[in-house]
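Hi,

Here is the structure I said I would pass along. Have a look at it first, and then read my notes underneath.

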Amino acid sequence: MGALLALLIARTDLGVIGIIGIVLLIGIVKKNAIMMIDFALVAEREHGMKPRDAIYRASLLRFRPILMTTMAALLGALPLMIGTGTGSELRHPLGITIVGGLILSQLLTLFTTPVIYLYFDRLEQRVAAWRGVPAPGQTAAE
């Protein structure tokens with residue numbers, strides 16, 4: 001969404017190069033969300049943490065690596081976005097797509113990943129209760 005909004009603001013068409021930027025964004029955002037979720041799952045399974053505590057701890061401890069990945073990609077795309085010279089019209093949409101997309105998508109990822117993680121945990125508990133079996137991490141008495 002951020003990539004398309006940035007292209008709209010810059011009055012630039014979405015072409016093949018812009019779509020390449022969107023594919024790149026999907027990979028970066030997916031990797032960052034996986035880092036957070038994987039850390040939370042390990043904290044739950046190996047350290048016996050509750051899902052809320054696990055995702056909170058994962059959010060705190062994975063914030064710096066996520067921010068570093070985002071800033072590296074964003075700062076690497078700035079020359080593409082503001083560059084001039086021969087061939088800059090080809091690279092310009094790629095830079096706009098990456099910079100605009102990273103700004104919005106990382107904000108959304110940092111806020112929505114923990115919410116979705118907790119939602120799926122609650123959904124898992126409901127399904128387990130409906131089936132009459134304890135959810136993973138729960139005993140039959142809970």
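**What I found**

Let me start with a glycine: Gly85 counts as partly exposed, because its relative accessibility is 45%. You will find Gly85 in the loop between α3 and α4. If you want a ruler for that spot, take Gly18: the two glycines are 67 residues apart in sequence, and their C-alpha atoms are 19 Å apart in space. Do keep in mind while you read that this is a predicted model.

Now the overall picture. The protein chain has 4 helices and 0 strands, so if you trace it along the sequence you read α-α-α-α. The chain is more spread out than a compact globule, because its radius of gyration is 20 Å, well over the 14 Å that the globule rule gives for 142 residues. Along the principal axes, the C-alpha atoms fill a box of roughly 70 × 30 × 20 Å.

A few whole-chain numbers go with that. Of the 142 residues in the protein chain, 32% are buried. The accessible surface comes to about 9400 Å², and carbon and sulfur atoms account for 68% of that. Among contacts with a separation of 6 or more, 64% are between residues 24 or more positions apart. As for charge, the chain carries 13 positive and 9 negative charges, and the mean positions of the two sets are 3 Å apart.

Next, the inside. Which residues make up the largest nonpolar core? There are 10 of them: Ala3, Leu25, Ile28, Ala73, Leu74, Ala77, Leu94, Ile98, Val99 and Leu102. At least two residues of this core come from each of α2 (16-47), α3 (51-82) and α4 (88-131). The largest share, 4 residues, is supplied by α4. Leu102 is a good one to click on: leaving aside neighbours within four places in sequence, Leu102 is in contact with Leu25, Ile28, Thr70, Ala73 and Leu74. There is also a second, separate core of 9 residues, which includes Met36, Ala54, Tyr117 and Leu118.

Another side chain to look at is Phe39, which sits in helix α2. Buried or partly exposed? Phe39 counts as partly exposed, because its relative accessible area is 24% and the cut-off for buried is under 20%. Not counting residues up to four places away in sequence, Phe39 touches Arg57, Ala58, Leu61 and Arg62. For Arg57, which is 18 residues away from Phe39 along the chain, the C-alpha atoms are separated by 8.5 Å.

Last stop, the loop between α1 (2-9) and α2, where you will find Arg11. The phi of Arg11 is near 55°, which is a positive value in a residue other than glycine. Arg11 is also exposed, with a relative accessible area of 78%. Thr12 is found in the loop between α1 and α2 as well. What does Thr12 touch, not counting residues up to four places away in sequence? The list is Leu7, His92, Pro93 and Ile96. Measuring from Thr12 to Met81, you get 11 Å from C-alpha to C-alpha, for two residues that are 69 apart in sequence.

If you only open the viewer for a minute, I would go to Leu102 and its contacts, which include Leu25 and Leu74, and then to Arg11 with its positive phi.

Cheers

Notes: Residues numbered from 1 in each chain as written. Predicted model: local features only at pLDDT ≥ 70, side-chain atom pairs only at ≥ 80, totals over all residues. Heavy atoms only, no water. Rg over C-alpha atoms; globule rule 2.2 N^0.38 Å. Buried < 20%, exposed > 50% of the residue type's maximum accessible area, 1.4 Å probe, protein only. Contact = heavy atoms within 4.5 Å. Areas by Shrake-Rupley, 256 points an atom, 1.4 Å probe, with all protein chains shown as cover. Lys, Arg positive; Asp, Glu negative; His and termini not counted. Charge placed at Lys NZ, Arg CZ, Asp CG, Glu CD. Core = buried A, V, L, I, M, F, W, Y, C linked by side-chain atoms within 4.5 Å.
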